[in-house]
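Here are some exercises to try with the structure open beside you. Have a go at each task before you read the solution under it.

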Amino acid sequence: MDRIFAPWRIEWVERDADPIDGCPFCVLPEREDAREARIVARTERNYVLLNNAPYNPGHAMVIPDEHVEDPTDLDDATLLDHARLKAATLAALRRDLDPDGVNTGQNLGGDAAGGSIDHLHTHVVPRWSGDTNFMPVTGDTKVIVEAIERTYDHLHAGFAADENAVDPGDAEGGDAVELDFGV
């Protein structure tokens, strides 16, 4: 029998319960410590959150502050800001993680579309040649090769280097990068 060791996951297993009352995408941005909440970057209307169950290192989501289910429910300024933040997320990933490709998308329509949270969010998933292998197919196991804390540092640095960063934040101090696209 093969064994896969992931000792850094013990922190997740032994964590104190974190019951979120309500929509996690509405609750997490209200927390003081952006690093703990996994929020890497913010704008006036949207933010970038690392996925707690990433498909690959760097799996992030661009999320509007306003709780809506569909992009057609966003006002034009928020929709444009969302698109600009998605582009900045792609640039940050490319700058600091150097993936071979990226998948982006939204699951609209709840369970029927594979979505589990009814708060609009756009997935941004970096991909590398060869990142799909036998493990998910035969072993029903996905191997994530980087701890989420290290990914946070990579993306934080990538966003801080963005030309639209108005406040680079302090990754260790729990401050997200603030961006302004002039929208």
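**Exercise 1. Decide whether R35 is buried or exposed in this predicted model.**

Step 1. Find R35 in helix α3, which covers residues 34–37.

Step 2. Take its relative accessibility, 15%. The cut-off for buried is under 20%, so R35 counts as buried at 15%.

Step 3. Look at what surrounds R35. Leaving out residues up to four places away in sequence, R35 touches E149, Y152, D153, A171, E172 and G174. The R35 side chain also reaches the backbone oxygen of E149, at 3.4 Å.

**Exercise 2. Work out which acidic side chains form salt bridges with R35, and which parts of the chain they tie together.**

Step 1. Start with the idea behind it: side chains of opposite charge can pair when their charged atoms come close.

Step 2. Check D153. Its side chain meets that of R35 in a salt bridge, with 2.7 Å from N to O. R35 sits in helix α3 and D153 in helix α6 (residues 148–160), so this pair ties together parts that are 118 residues apart in sequence.

Step 3. Check E172. Here the side chains of R35 and E172 meet in a salt bridge at 4.0 Å, N to O. E172 belongs to the loop between β6 (165–167) and β7 (177–179), while R35 is in helix α3, so the pair ties together parts that are 137 residues apart in sequence.

Step 4. Put the pieces together: R35, D153 and E172 are linked in a network of salt bridges.

Step 5. Now compare how open the partners are. R35 is buried at 15%, D153 is partly exposed at 31%, and E172 is exposed at 61%.

**Exercise 3. Find the salt-bridge partner of R38 and say where each of the two residues lies.**

Step 1. The partner is E149, and the closest N and O atoms of the pair are 3.3 Å apart.

Step 2. Place them both. R38 lies in the loop between α3 and β1 (39–42) and E149 in helix α6, so parts that are 111 residues apart in sequence get tied together.

Step 3. Check accessibility. R38 is buried, with a relative accessible area of 16%, whereas E149 is partly exposed at 29%.

Step 4. For the bigger picture, the structure holds four salt bridges; among them are R35 with D153 and R38 with E149.

**Exercise 4. Describe how β1 pairs with β2 and with β7.**

Step 1. Take β2 (residues 46–50). β1 and β2 pair in the antiparallel sense over three bridges, and they form a hairpin with three residues between them.

Step 2. Take β7. β1 and β7 pair in the parallel sense, over two bridges.

Step 3. Use A41 as your marker. A41 stands opposite V48 in β2, and its bridge partner in β7 is V177.

**Exercise 5. Write down the strand order of the sheet, then place helices α4 and α6 against it.**

Step 1. The sheet is open and has seven strands, in the order β4-β5-β3-β2-β1-β7-β6, with mixed pairing.

Step 2. Spot the edges. They are β4 (101–105) and β6, each of which pairs on one side only.

Step 3. Look at the twist. Ignoring direction, neighbouring strands of this sheet are turned by 25° against each other on average.

Step 4. Add α4. This helix packs on the sheet and touches β2, β3 (60–64), β4, β5 (122–127) and β7, and its direction makes about 165° with that of β3.

Step 5. Add α6, which lies across β1, β2, β3, β6 and β7 and runs at about 15° to β1.

**Exercise 6. Say how R84 is placed: which helix is it in, and what does it contact?**

Step 1. R84 is found in helix α4, residues 76–96.

Step 2. With a relative accessible area of 33%, R84 is partly exposed.

Step 3. Set aside its neighbours within four places in sequence, and R84 is in contact with N164 and F181.

Step 4. Finish with a distance: R84 and D180 are 96 residues apart along the chain, and their C-alpha atoms are separated by 9.6 Å.

Notes. Residues numbered from 1 in each chain as written. Predicted model: local features only at pLDDT ≥ 70, side-chain atom pairs only at ≥ 80, totals over all residues. Heavy atoms only, no water. Helix = DSSP H or I, 4+ residues; strand = E, 2+ residues; numbered from the N terminus. Buried < 20%, exposed > 50% of the residue type's maximum accessible area, 1.4 Å probe, protein only. Polar contact = N/O pair within 3.5 Å; in protein donor to acceptor, adjacent residues only side chain to side chain. Contact = heavy atoms within 4.5 Å. Pairing = 2+ DSSP bridges. Axes fitted to C-alpha atoms, helices over the stretch in contact; angles between N-to-C directions.
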